[in-house]
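Here is a friendly walk through a two-chain model, written for someone who likes to know the cut-offs behind each term. Have a look at the sequence and the structure first, and then read on.

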Amino acid sequence: MAALIANPDAQFVFWALLKIVVILGAMLGVVSYLIYAERKIAGHIQARVGPNRVGPLGLLQPIADVLKLFFKEEFIPDDANKVIFHIAPILAVLPALVTFSVVPIGPNFIVTDINVGLLLFLAMSSLGVYSITLAGWSSNNKYALIGGLRSSAQMISYELAMGLSTIGVLLLAGSLSLLDIVHAQERMWFVVYQPVAFVIFMITAFAETNRAPFDLPEAEAELVAGFHTEYSSMKFGMFFLGEFMNVIAICSIAVTLFLGGWNGPWLPEPLKFLWFFAKLGVLLFFFIWVRWTYPRLRYDQLMHFGWKVLLPLALANVVLTGAGLYWVGTRS
Amino acid sequence: MIPFLFIGFAVLLVASSLMVILHRNPVTSALFLVLAFCSLAGIYLLLHAEFVGLVQVIVYAGAIMVLFLFVIMYMNLQKDEESGLQSALRRALGWLLGALLAAEAWMLVRGRWAPGPVAPQTLAPPAGNTQQVGLALYSRYLFPFEITSMLLLVAMVGVIVIARGRAAAARDAAARDGGEGGTP
């Protein structure tokens, strides 16, 4: 036993597991209260009060919601492809959880720092398409199918602009490791040097997470509920969870890439992670604010915007950043 | 620990590759191919080729397989309808190639094998994986790299011309018919 405790491999695995458990627990709590926050903010934007019956200020509402989801009847369509119908909700949550393994939350709080952390995030966001496509197809319902079809086209189109918008940051930091990127922002946040890239990243983030104004895969007015029309009970809950997890994951990456991660004044080293959460909170509020402010785009406008506006803009930003860095390099 | 992980990924890779060709449902086959790509990426990671491993996931599992899946799903592919002759020919060819492969395998296995280093010593400094790939691509392999990108560009333009050409031709034909006094 003593030998096992002294073994560095075992220590590494133990600490990694501990951090994973902490992050998972924290995320589940944050997600349920993010849903509460969304309902509350939506209420105030629409001059309502929002949930206020369960517990003080409605604070126990998320618990009641989850319990309700668990006790709902589970329904599977007769002609659905059963196995894929079960796998799709799992795939909705998984990629977002994996992304958190490379997000540096505080100076000493990161599950693992791999030297291609940003690529891991891009890989996971590209795998996110599967859950929606498979859910839409396996339900054997035409509305769900159209929702899945739209979502795959949308996510593939916006993924390119998102990947290209991060390249400016990579050029500045000279590394794909998220820890190095945060360290490179100790003096100045990258959003100052890369404002265009930040705007493109945020817009594509809305599209990648299927949030309004890009929520075409589940446009209620035309598609009933889109890809999750046939899902009920906790399987529907998993899609809900996955959507909010993805929002948190993508906002964490935006904080890390553009807003300096945990860097900030005043706080001592061990409390720096509070800066990370403060910035994350601001971005999450922004996501909710946009959802209840802007109407949904039409499908052809969405494709037009992605391919003919965002993609050329992101490419131009890469070229300009490269030229600027070259100019600075030759002058100094 | 690494040998155990390698065995795990290798078993997963072989099993899912087998399922790709053995499963009846084309969509399930495509999904097993995604699993195979992901386990291959895991093996790359164990070899300290992080860049290759994750690009494997982004490009193959994330982009190419989605398009494949797209086609399979929305074309609603069923089993191929084919005549007895075609089937017999294919079966004969299969046996022939299988025999060839088995002969090759036998030749290989018969040869003498000595235990050597499992993996080559790390060629690059561990932190510079992406830099090493980039340097190799943009210096030593610059010409093939540029030729490949030209080839892809030409293919892309060609596809757009063909796809648009057909639609435009149909539109023109419809307009001409309409101009001559309407179709019946």
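Two residues are in contact if their C-beta atoms, placed from the backbone, lie within 7 Å. Among contacts in chain B between residues at least 6 apart in sequence, 54% join residues at least 24 apart. In chain A, residues 24 or more positions apart account for 77% of the contacts with a separation of 6 or more.

A word on conventions. This is a predicted model, in which local features need pLDDT of at least 70 and side-chain atom pairs count only at pLDDT 80 or more, while totals for chains, interfaces and linings use all residues. Residues are numbered from 1 along each chain as its sequence is written, and chains are lettered from A and ligands numbered from 1 in the order in which they are written.

**The two chains**

Helices (H or I, at least four residues) and strands (E, at least two) are DSSP runs, numbered from the N terminus. By that rule chain A has 13 helices and zero strands, and chain B has six helices and zero strands.

How much of each chain is buried? A residue is buried if 20 or more other C-beta atoms lie within 10 Å of its own, exposed if 12 or fewer, and partly exposed in between, with the C-beta atoms placed from the backbone. Of the 332 residues of chain A, 43% count as buried; in chain B, buried residues make up 15% of the 184 residues.

The C-alpha atoms of chain A fill a box of roughly 65 × 60 × 45 Å along the principal axes. The radius of gyration is taken over C-alpha atoms, and the globule rule is 2.2 Å times the number of residues to the power 0.38. For 332 residues a compact globule would come out near 20 Å, and chain A, at 21 Å, agrees with this.

**Where the chains meet**

On the chain B side, 18 residues are in contact with 17 residues of chain A. The elements of chain B that give two or more residues to this side are α3 (50–75) and α5 (129–138), and α3(B) provides the largest share, 14 residues. By class, this side of chain B has 14 nonpolar, three polar and one charged residues. Here Ala, Val, Leu, Ile, Met, Phe, Trp, Tyr, Cys and Pro count as nonpolar, Asp, Glu, Lys and Arg as charged, and the others, Gly among them, as polar.

**The core and its main helix**

A nonpolar core is a set of buried Ala, Val, Leu, Ile, Met, Phe, Trp, Tyr and Cys residues joined through C-beta atoms within 7 Å. The largest one has 104 residues, and those touching the most other members are A:Leu119, A:Leu120, A:Ala123, A:Cys251, A:Ala254, B:Phe37 and B:Leu54. Helix α11 (residues 233–258) of chain A gives the largest share of this core, 16 residues. Leaving out residues up to four places away in sequence, A:Leu119 touches A:Leu176, B:Leu54, B:Val55 and B:Ile58. In soluble globular proteins, nonpolar side chains tend to be buried together.

α11(A) is mostly covered, with 22 of its 26 residues buried. The expected span of a helix is 1.5 Å times one less than its number of residues. For α11(A) that gives 38 Å, and its end C-alpha atoms are 38 Å apart, which agrees. Just after α11(A), A:Gly260 takes a positive phi of about 80°.

**Three residues to look up**

| Residue | Place | Other C-beta atoms within 10 Å |
|---|---|---|
| A:Ala47 | loop between α2 (8–45) and α3 (61–71) of chain A | 6, exposed |
| A:Ala184 | helix α7 (residues 178–184) of chain A | 18, partly exposed |
| B:Met150 | helix α6 (residues 142–179) of chain B | 10, exposed |

Phi of A:Ala47 is near 60°, a positive value in a residue other than glycine. A:Ala184 is in contact with A:Leu172 and A:Ala173, leaving aside its neighbours within four places in sequence.

**How confident is the predictor?**

pLDDT is the predictor's confidence in each residue, from 0 to 100. Chain B averages 79, and 79% of the residues score at least 70. Among the elements of chain B, α3(B) has the lowest mean pLDDT (80), and helix α1 (residues 2–22) has the highest (88). Over residues 180–184 of chain B, pLDDT stays under 50, and the model has one contact beyond four places in sequence for them. Where pLDDT is low, the predicted coordinates should not be read in detail. For the complex, the predictor gives an ipTM of 0.78 and a pTM of 0.80.
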